[in-house]
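This report is written for a reader who is meeting the structure for the first time. Please keep the sequence and the model at hand while reading the sections below.

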Amino acid sequence: MRQAKLQVLGLCRWSYPSQTGAFNSTGESLEALQRELYAEARMKVRLFFLEHLVLPSLRVQSDPDFTLVLMMGEHLPERWRGQILELIADVEQVKPVFLPEGQNHMEACTALMRAHRDPSADVVVEFRLDDDDAVARDFVEQLRGLYRQLRPIYKANKRVAVDFCRGFLLRCEDDGRVNYHPVEARLWTPALALYLPPDHPRSLLNYPHMRTWRNMPVLSLNKKPMFVRGAHGGNDSAIKERKVDSFRYKLEKLPAAMAADFGVELEAFEAAWAGVCG
C-alpha cells in the first residue's frame, strides 16, 4: 500500500486587526482597533510569548517537516515587524504573511490556510497555535504516526480530529510571578489537529474548537502532556470561564520536562516575564 503524503500545516494569528467586533476588542473602528492591538505594552507581552514559548517548541520538533503560517497585519509598525522577523529568522518552518487589515477574520484565515495547502498531498493536517501557546517536541511526529490508525475513520468521514488534551497552564501574573498547573482540557486549541482533504472548502478555523466533536470523529489522547498554554491579563478571563481538570504531577519535575519536551528553560522564562512586568 502506498504511503499517504501528509502535509502538516499550522496557523498562528499574531495581533491581526480583522473587522471590528471580532474577539474581545473594544475598538469601534479599524483605526481604534489598530491602536489597541499595536499598543506598546500589549506588543511586549506578545513578543515575550513568541520568543520564550512559541518558537522554542517549534525549534525542537523531532519532525521538522511542517509549516506554520504567521498571520499579521500589513500595517504592523516597523519596530515590531523587525523584531518578529529577527526572532523567526532561524525557524525556516515559520512563514510570515502580512495581510490587508480589516478583513472578515474567518474568511481571511480560511483563505490563508487554503492558499498554503499542498495540492499534491493526500491529507492536510491543520493545527493552530495561539500566540501564547506551545506544543511538545513530538507533536508533528505524532500527527504523522497516528494517521495509520486513523486512516479507516478518515476514509469513511473525509475528516477526523486528534485532541491531545493533557498539558500545562502557565499563569503569568501581573506582578511578575509565574504559576504552573497541570491540566486536562477537552478540545482546547493547542495540540488540536484536523485531518482534511487538500481541496476541502473549509479549514480548521471554520469549526469552533469546542464543538469539533459535532462535525467529525475525534480521537482524544491524554497519555502525556502535549501542550503549554500561557495565561495572562490579555486572555485570562476566557480561560477561567472554561472547565478544566488537573492531573497528578510533581511540579519539581517540571523544569526538566519543559526543557526536554518543549525547549523552554523555565528559569529564563521567569526572568524574562519579570522583566516585562518590571
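## An open sheet of five strands

Strand β5 and strand β11 (residues 227-231) run antiparallel and are joined by three bridges. Within this pairing, alanine 134 has valine 228 of β11 as its bridge partner. The model in which these pairings are found is a predicted one.

The two strands belong to an open sheet of five strands, whose order is β5-β11-β7-β8-β12 and whose pairing is mixed. At its edges stand β5 (133-135) and β12 (245-246), each of which pairs on one side only. As general background, the strands of a sheet pair through backbone hydrogen bonds, and they do so in either a parallel or an antiparallel way.

## Strand β4 and its partners

Strand β4 (residues 123-128) is largely enclosed by the rest of the structure, because six of its six residues are buried. The cover extends to both faces of β4, with Val123, Val125 and Phe127 buried on one side and Val124, Glu126 and Arg128 buried on the other. Such a division into two sets fits a general pattern, since in a regular strand the side chains alternate between the two faces of the sheet.

Strand β1 (residues 6-13) runs parallel to β4 and is joined to it by six bridges, whereas strand β9 (residues 192-196) runs antiparallel to β4, with four bridges between them. Glutamate 126 takes part in both pairings: it is the bridge partner of leucine 9, and it also stands opposite leucine 194 in β9.

## Strand β2 and phenylalanine 66

Strand β1 also pairs with β2, to which it runs parallel and is joined by five bridges; here the bridge partner of glycine 10 is leucine 68. On from β2, six bridges lead to strand β3 (residues 94-99), again in a parallel arrangement, and leucine 68 stands opposite valine 94 in β3. Six of the seven residues of β2 are buried, so this strand is largely enclosed by the rest of the structure.

Phenylalanine 66 is found in the loop between α2 and β2 (67-73). Is this residue buried or exposed? Phenylalanine 66 is buried, because its relative accessible area of 4% falls under the 20% that serves as the limit for that term. When residues up to four places away in sequence are not counted, phenylalanine 66 touches Val8, Leu58, Gln61, Gln93 and Val140. Phenylalanine 66 and valine 94 are 28 residues apart in sequence, while in space their C-alpha atoms are 8.7 Å apart.

## Nonpolar cores

The largest nonpolar core has 70 residues, and those that touch the most other members are Trp14, Leu58, Ile84, Phe139, Tyr195, Met258 and Phe269. Helix α2 (residues 40-59) provides the largest share of this core, with 10 residues. A second core, separate from this one, consists of 21 residues, among them Val97, Ala108, Cys109 and Tyr207.

Phenylalanine 139 can be followed further through its contacts: apart from neighbours within four places in sequence, it meets Gln61, Phe127, Phe164, Ala191 and Met226.

## A pocket and a cavity

The second largest pocket has a volume of about 290 Å³. Its lining is made up of 10 residues, of which Gln3, Ala4, Arg144, Tyr147 and Arg148 are the closest to its centre. Helix α5 (residues 139-157) gives the most to this lining, namely five residues. Sorted by class, the lining of the second largest pocket comprises four nonpolar, two polar and four charged residues.

How many cavities of 30 Å³ or more does the structure hold? There is one cavity of that size, and the volume of the largest cavity is about 50 Å³. The largest cavity is lined by Arg128, Thr189, Leu192, Leu194, Leu204, Tyr207, His209 and Thr212, a set that divides into four nonpolar, three polar and one charged residue.

## Two residues with positive phi

In general, most residues other than glycine have a negative phi. Lysine 158, in the loop between α5 and β6 (160-164), has a positive phi near 65°. Alanine 191, which lies in the loop between β8 (178-184) and β9, likewise has a positive phi near 65°. Alanine 191 is also buried, with a relative accessible area of 1%.

Definitions and conventions
Residues are numbered from 1 along each chain as its sequence is written. This is a predicted model: local features need pLDDT of at least 70, side-chain atom pairs count only at pLDDT 80 or more; totals for chains, interfaces and linings use all residues. Side-chain values use heavy atoms; hydrogens and water are left out. Buried means under 20% relative accessible area, exposed over 50%, partly exposed in between (1.4 Å probe, protein chains only). Two strands pair if DSSP finds at least two bridges between them. A nonpolar core is a set of buried Ala, Val, Leu, Ile, Met, Phe, Trp, Tyr and Cys residues joined through side-chain atoms within 4.5 Å. Contact means heavy atoms within 4.5 Å. On a 1 Å grid over the protein atoms alone, a cavity is a set of points where a 1.4 Å probe fits but cannot get out, and a pocket is an open set with protein on both sides within 12 Å along at least five of seven lines; lining residues have an atom within 4 Å of a point. Grid points are joined across faces, edges and corners, and a volume is the space filled by probe spheres set on the points. Ala, Val, Leu, Ile, Met, Phe, Trp, Tyr, Cys and Pro count as nonpolar, Asp, Glu, Lys and Arg as charged, and the others, Gly among them, as polar.
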